[in-house]
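Hi everyone, thanks for making time this morning. I'd like to walk you through one chain, and I'll begin with a single residue before stepping back to the whole.

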Amino acid sequence: MSGQTIARRYARALFEIARQKGATEAFAVVLEEVGRALVENQELRRVLYHQLIPVREKQKIMDSLFPDVDPLLANFFHLVLAKGRERYLPEIAVQFRRLVDRENKVLPVEVQVAAPPSAELIAALQEKLSRVTGQNVRLHTRIEPSLLGGMVIRIGDRVLDASLKKKLELLGEHLKGA
């Protein structure tokens, strides 16, 4: 079974429980925090992913790192650790966020820009995309200096490349063909 399939199953089970409790967004935030900690902290990964460290010790580490989480979510982390699925926590967070977004009719959009955008540009872009898609839009901006200027917008599997880099590439192809 693939890691994404495993993560999807765990995320779906937790999502159903969180929805009944009315805490889907709160759970998503904590899951993303845990996933981010695992991705960014090599030492934490080394400890939690190590096979020779007892599950109980791993659970104590999670409890100490995230002490104020909902008891239901803490139990979920304990279960994931007990089943040896700790490597899937970052992907579980991604899958859980997708379920929450789908439930709340939120469309995640990734915007790559060459330089940090102004707050006005972000607000205008978010408003325009919300109007065009008919959904609430949650923008995730990423700085990509290689774009030189402009932006690349990803909505699901659709990509709108309005970067200066792309325009220069197209111009170069046009000149080669002439």
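**From one phenylalanine outwards**

Let's start with Phe76, which sits in helix H5. Please keep in mind that this is a predicted model. Is Phe76 buried or exposed? Its relative accessible area is 8% and the cut-off for buried is under 20%, so Phe76 counts as buried.

Which residues does Phe76 touch, leaving out those up to four places away in sequence? They are Tyr10, Leu14, Leu31 and Ile92. Take Tyr10 from that list: Phe76 and Tyr10 are 66 residues apart in sequence, yet their C-alpha atoms are 9.1 Å apart in space.

Now let's widen the view to the core. In soluble globular proteins, nonpolar side chains tend to be buried together. Here, the largest nonpolar core has 32 residues, and Phe76 is among those with the most contacts inside it, along with Leu31, Val34, Leu73, Phe77, Ile92 and Phe96. At least two residues of this core come from each of helices H1 (3-21), H2 (24-40), H3 (42-49), H5 (71-82) and H6 (89-103). Which helix gives the largest share? That is H1, with seven residues. There is also a second core, separate from this one, made of 11 residues; Val109, Val111, Leu125 and Met151 are included in it.

Next, the stretch from H6 into strand E1. Asp101 lies in helix H6. With a relative accessible area of 4%, Asp101 is buried. Beyond residues up to four places away in sequence, Asp101 touches Val106, Pro108 and Arg138.

A little further on comes Lys105, in the loop between H6 and strand E1 (106-113). What is notable in its backbone? Lys105 has a positive phi of about 55°, although it is not a glycine. Whereas Asp101 is buried, Lys105 is exposed, at 57% relative accessible area.

Then we reach Pro108, in strand E1. Its relative accessibility is 41%, so Pro108 falls in the partly exposed class. Again leaving out residues up to four places away, Pro108 touches Asp101, Arg138 and Arg154. Arg138 therefore appears in the contact lists of both Asp101 and Pro108, with a contact meaning heavy atoms within 4.5 Å. For a contrast with the earlier pair, Pro108 and Leu48 are 60 residues apart in sequence and 30 Å apart in space, C-alpha to C-alpha.

Finally, the chain as a whole. It has eight helices and four strands, and from the N terminus they run α-α-α-α-α-α-β-α-β-β-β-α. How does the radius of gyration sit against the rule for a compact globule? The rule gives a value near 16 Å for 178 residues, but this chain has 20 Å. Along the principal axes, the C-alpha trace spans about 70 × 35 × 35 Å.

Buried residues make up 33% of the chain. Of the contacts with a separation of 6 or more, 66% join residues that are 24 or more positions apart. For those of you who like surfaces, the chain exposes about 11,000 Å², with carbon and sulfur atoms supplying 55% of that. On the charge side, there are 28 positive and 22 negative charges, and their mean positions are 5 Å apart.

That's my tour, and I'm happy to go back to any part of it.

Definitions and conventions: Residues numbered from 1 in each chain as written. Predicted model: local features only at pLDDT ≥ 70, side-chain atom pairs only at ≥ 80, totals over all residues. Heavy atoms only, no water. Rg over C-alpha atoms; globule rule 2.2 N^0.38 Å. Buried < 20%, exposed > 50% of the residue type's maximum accessible area, 1.4 Å probe, protein only. Areas by Shrake-Rupley, 256 points an atom, 1.4 Å probe, with all protein chains shown as cover. Lys, Arg positive; Asp, Glu negative; His and termini not counted. Charge placed at Lys NZ, Arg CZ, Asp CG, Glu CD. Core = buried A, V, L, I, M, F, W, Y, C linked by side-chain atoms within 4.5 Å.
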